[in-house]
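Got the model open? Let's go through it together, one feature at a time.

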Amino acid sequence: MSQPRVTGMGSIPLEGRTAFRVWAPNAERVAVTGGFNAWSTDRDVLEREDGGHWYGEVEGARPGDEYKYVITTNGEQLHRIDPRARAVTNSVGNGIIYDPNAFDWEGDSFTTPNHNELVIYETHIGSFVAEEGEPGDLATMASRLGYLKSLGINAIELMPVAEFAGDYSWGYNPAHPFTVESSYGGPDHLKKFVREAHKQGIAVIVDVVLNHFGPSDLSLWRFDGYSENGKGGIYFYQDHRSQTPWGDTRPDYGREEVRQYCRDNARMWIEEYHMDGLRFDATLYIRTVSGIGTEIPEGWALMRDINTAIRSELPSRILIAEDLQNDPTLTSTEGAAFNAQWDAGFVHTLRALVTTPDDAARSMQALAGIIVAQGDPWDRVIYSESHDEVANGKLRVPQEIDGANPSAWPAQKRATLATAIALTSPGIPMLFQGQEFLEDEWFRDSVPLDWERAEAFRDIVRLVRDLVVLRRNLTGTTAGLTGPHTALAHLDDAGKTIAWLRSTDSEPVAVVVNASTDARDLTIGLPRPGRWAVRFNSDASTYSALFGGHTTLDVDAANTPLNGQPARASISVGPYTLVVLSPAR
């Protein structure tokens, strides 16, 4: 009796052989060719199954062997890389049989931090640690995990790692969505990176790109020879819905086989790579045709299907949308069911506040509007820098503040003020690589971070580290920064000062900001009388030789109401400075 056919797609290693299954509904014949059969195009022909799938088992085909499918249609032979390949030699090379179950996770049982405790560090593998002329890889990035741990962050967000054309890219052009970029080291190196990050107490989130594929080096394009209207064939829309800003390659979310392809891709990162979360790129172009107007209902349904399944089975994982429209439907369980989305309103308002050269033009009302926001504070990711905000004509914050001297006092003070506001506001804070040592110019995938700055600005790095420690309440004195409640305690647009309160049900924290070039004395409302201790002062001279070290003392709050709070206290704050206070122990 013959053995039953195995389930699954792609190459499936078995004992002494490998099973292959591929979807090619318009093929007349499908064979698999590789090193195991001397690259014969007719020795191992697959059998047609229901639904346009083809299946076969090849004796002697083992993990590590290279292979391709040979698809015959309309008398033409098409040599295609497996759409489900877990490894490739390169984006235009061959697939590699890979056993996803062979990796030793060494008992990895990491628990993703609670969403209200996350501090995310966004990074690009190719430029994080690299030599000029060579892209960085996962092994070199792993060598800096100790640095990231010392910075205090507890989550890394990797820009896309799926195989792309060439060796340099941001990653948002996936040629092979199920494959880890070969120049980064391939699948085992990604697993090693995640395993070692988990050992350091750091979660790993990965970007996934489902709004388009390619557009170059795209073996999916007319995969089995079929197309309509000059479009891309079975994996793509065949009408105007195929068009995106990045190519004519939007997946056909209305076709079940394509929906399953996208669902399986998203789940693969979590199940096979132990990822702690996913960040979906440009969801606006999954849910609409052109970013405005016509919606794609099946795109909404796809996101909801993926997210509700993951939230149900693995509720600690975090699912983030990059939509940049602040549409609350993205984080609604009736909508797309993401946990959070990047808050474009926050970053644009914050950058405008700190980059405007004239104090009089800084709007504290606008700042209050992005801090005292309504709803769940953990449904948004907040930041002053991301890969989108510091590239393509947009500069790093210090460079935007002072293009002539991005290391001078104005740039140092206002850039650190932006970082401090993001790390103390309600939301999930995110840093972009190098932000902690005032990386300047702009982000490019072929230009590595200048790690000499980490030493040159080691005191600024310590400023960021101290903020992260407070944001995560690692000292036990600032639990309020992990709490859901936010209230405005002071607002003076003329004086350019603001204060807000963060709290759990019982643990309050006060954050005070002076966004002017002169020191300010102000009186704020506080939720309880008594001694309040200064936990952080961004003007401390220990953070930079250029900082003034303005004296900001602990305060005694009087039992006199102010601004809706039962107590009040007066405090002196240095120029372009953020101060954090909490009740003295």
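**Reading a helix, a sheet and a helix pair**

A: Keep in mind that this is a predicted model. Let's start inside: the buried residues of α13 pack against α3 (145-151), α11 (409-424), β18 (428-432), α12 (452-456), β23 and β26.

Q: Which residues of α13 are buried?

A: Here's the general idea: an α-helix has 3.6 residues a turn, so residues three or four places apart point the same way. In α13 the buried ones are Ile460, Val461, Leu463, Val464, Leu467, Val468, Leu470 and Arg471.

Q: What span should the 14 residues of α13 have, and how far apart are its end C-alpha atoms?

A: Count 1.5 Å for each residue and you expect 20 Å; the end C-alpha atoms of α13 are 20 Å apart, so the two agree. Just past the helix, look at Asn473, which takes a positive phi of about 60 degrees.

Q: On to the sheet. In what order do the six strands come?

A: Reading across, you get β19-β20-β21-β26-β23-β24, an open sheet with antiparallel pairing. Its edges are β19 (485-492) and β24 (555-557), each pairing on one side only. From one strand to the next, the twist averages 25 degrees.

Q: How do I read the pairing itself, say for β21 and β26?

A: A general point to carry along: in a regular strand the side chains alternate between the two faces of the sheet. Here, β21 (residues 508-514) and β26 (residues 577-583) run antiparallel and are joined by five bridges. Val513 stands opposite Leu578 in β26. Five bridges also join β23 to β26, again antiparallel, and there Asn537 stands opposite Val579. β23 and β24 pair in the antiparallel sense over three bridges, with Asp556 in β24 as the bridge partner of Arg531.

Q: Which strands does helix α13 touch where it packs on the sheet?

A: α13 (residues 458-471) touches β23 (530-537) and β26, and its direction makes about 140 degrees with that of β23.

Q: And what about two helices, such as α8 and α11: how do their axes cross?

A: In general, two packed helices are described by the angle between their axes and the distance between the axes. In this model, the axes of α8 (residues 344-355) and α11 come within 9 Å and cross at roughly 150 degrees. The two are therefore roughly antiparallel to each other, and α8 passes α11 in a right-handed crossing.

Q: Which residues meet there?

A: From α8, look for Phe346, Leu350, Leu353, Val354 and Thr355; they meet Arg414, Ala418, Ile421 and Ala422 in α11.

Methods. Residues numbered from 1 in each chain as written. Predicted model: local features only at pLDDT ≥ 70, side-chain atom pairs only at ≥ 80, totals over all residues. Heavy atoms only, no water. Pairing = 2+ DSSP bridges. Helix = DSSP H or I, 4+ residues; strand = E, 2+ residues; numbered from the N terminus. Axes fitted to C-alpha atoms, helices over the stretch in contact; angles between N-to-C directions. Contact = heavy atoms within 4.5 Å. Expected span 1.5 Å × (residues − 1). Buried < 20%, exposed > 50% of the residue type's maximum accessible area, 1.4 Å probe, protein only. Parallel < 35°, antiparallel > 145°, perpendicular 65-115°, else oblique. Left-handed = near helix turned anticlockwise from the far one by under 90°.
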